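Reader: Could we go through this structure together? I would like to begin with its strands and then turn to the empty spaces inside.
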Amino acid sequence: MFTILSSVMSNNSNFYLGLFVLLLTFSSCQQEETLLPVKSQVKFSISEVIASNGRLKETVTPAFVKLSLVNGSGDVQELIKLRLYDFGQAYLSESLELLVGEYQLTHFEVLDESGKTIYATPSESSDLANYVADPLPITFMVKNEGIRVTPQVLAVQDDDLAKQVNLNIHLRYPALTAFDSAYVVFTNDSTELKYTLTVDNLLYAATGHVRIPVGNWKISTSYFGNIIANYKSLETAGTVELQISNAATDLISNETNVFIKDGSGPADLKTFLWEKYYYYQLFLGNTIEGFARIPTDPTNPFIEVTTFQSKWIYLFTSRSFYNRSQDGSSNYHQGSCAFEVYGKSGDSHDRLEKRIIDTTSLQAGILQVKDKTWNYVDGLIILYDDQGNELLFFDEWDLRTSTGG
């Protein structure tokens, strides 16, 4: 009798031991899946200060830096203000905690104690870009051990500040629908300034506040639904050209018009020219390398490819038109168009421009299928970097479906 009981107890012991090991393994897996993202510390320095006119601002003392960042997923952090500390030979900011990964510094200015801008880093499209070795945007990698980022800055003269105004932005949505994010971009011959707007899906409005130089500007505003990695997002974008004067206070749009409010007389009413695009983030492995913007209408030859790093040397893009059966068993090719872009001379390799916009190269091929029957279009984008890595992107416009994309 004892022997039988001992056998039963032994079997139960083995069962509970196995159950314990299984639960321990499951718990370990759960812990692995819920590991928190790794964060690290970033500091910003301005040890090297340059004056575009040969004169340094010796009578002012840097007190703060104000900066904007974009991470590898395209998330924007704007106008972060950090205290600067004087270490004798250099000024160093307080620490900024960021997730480990790749970032772009898109805005960098230095303020005195009163909050006045005294130094700034020019963007690569600025006339002042040739005065610094690395204009904005500046790409840097946050690692476990932390990093110090040291942008070169130019002295900002008082007459430069006098030509800037504070502008309140209140823009009506292009449609009575919810959006997850909105941006406004001011562009002229030498500068491009991009700002994130706050979306209000109850009032169908996007708002913000910017400081911007006076003058003629092409103003673009973009609205997005969910931006999902490796998948397309629908972007609704509007453009308009407006004059911003010294008296300008507000940029406003309603259901029909957009205008600058400046109190100097009747507003110059204009209308946004709206377009819809598919927006794609471009990944190589797990790293976002840029984005592509293509029209929802495949007969529109527009294409935009923006890369975040200067390692890319070659771009190829094509668009092919087919008459495809509903079950996909037959495809009749109706025509194709393509173009390629090679990098230009660089210090170690030929480099592509970071932003490539083309509105004409595909036009001839698209015109050839104007009077043909087609219901399916595929598009291809291929990028090569200086190490031979290939980034391949494929898209389709399927007019056999109700969505057409």
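Reader: How many residues lie between strand 23 and strand 24 in their hairpin?
Author: This is a predicted model. In it, six residues lie between strand 23 and strand 24 in the hairpin. The turn includes Gly-328, which has a positive phi of about 75°.

Reader: And how many bridges join those two strands?
Author: Eleven bridges join strand 23 to strand 24, which covers residues 331-342, and the two strands run antiparallel.

Reader: Which residue stands opposite Arg-319?
Author: Arg-319 has Cys-337 of strand 24 opposite it. Arg-319 is also one of the residues that line the largest cavity.

Reader: On to the cavities, then. How many of 30 Å³ or more does the structure hold?
Author: The structure holds two cavities of that size. The largest has a volume of about 50 Å³, and the second largest has a volume of about 40 Å³. As for how such spaces are found, rolling a probe the size of a water molecule over the atoms shows where empty space is left.

Reader: Which residues line the largest one?
Author: The lining of the largest cavity includes Thr-317, Ser-318, Gly-379, Leu-380, Phe-393 and Trp-397. The elements that give two or more residues to this lining are strand 23 (312-324), strand 26 (376-385) and strand 27 (390-398).

Reader: What kinds of residues are they?
Author: The lining of the largest cavity divides into six nonpolar, three polar and two charged residues.

Reader: What lines the second largest cavity?
Author: Val-70, Asn-71, Gly-72, Glu-102, Tyr-103, Gln-104 and Phe-308 line the second largest cavity. Strand 3 (64-71) and strand 7 (101-111) are the elements that give two or more residues to it.

Reader: Which strand gives the most there?
Author: Strand 7 gives the most to that lining, with three residues. The residues lining the second largest cavity divide into three nonpolar, three polar and one charged.

Reader: A different topic: is Gly-290 buried or exposed?
Author: Gly-290 is buried, because its relative accessible area is 0%, and buried means under 20%. This glycine lies in strand 21, residues 287-295.

Reader: What is Gly-290 in contact with, leaving aside its neighbours within four places in sequence?
Author: With those neighbours left aside, Gly-290 is in contact with Tyr-280, Gln-281, Leu-282, Thr-306, Thr-307 and Phe-308. Of these, Phe-308 also appears in the lining of the second largest cavity.

Reader: And how far apart are Gly-290 and Val-305 in space?
Author: Gly-290 and Val-305 are 7.5 Å apart, C-alpha to C-alpha, and 15 residues apart in sequence.

Methods. Residues numbered from 1 in each chain as written. Predicted model: local features only at pLDDT ≥ 70, side-chain atom pairs only at ≥ 80, totals over all residues. Heavy atoms only, no water. 1 Å grid on protein atoms, 1.4 Å probe; cavity = no way out; pocket = protein on both sides within 12 Å on 5 of 7 lines; lining within 4 Å. Points joined across faces, edges and corners; volume = space filled by probe spheres on them. Helix = DSSP H or I, 4+ residues; strand = E, 2+ residues; numbered from the N terminus. Nonpolar A, V, L, I, M, F, W, Y, C, P; charged D, E, K, R; others polar. Pairing = 2+ DSSP bridges. Buried < 20%, exposed > 50% of the residue type's maximum accessible area, 1.4 Å probe, protein only. Contact = heavy atoms within 4.5 Å.
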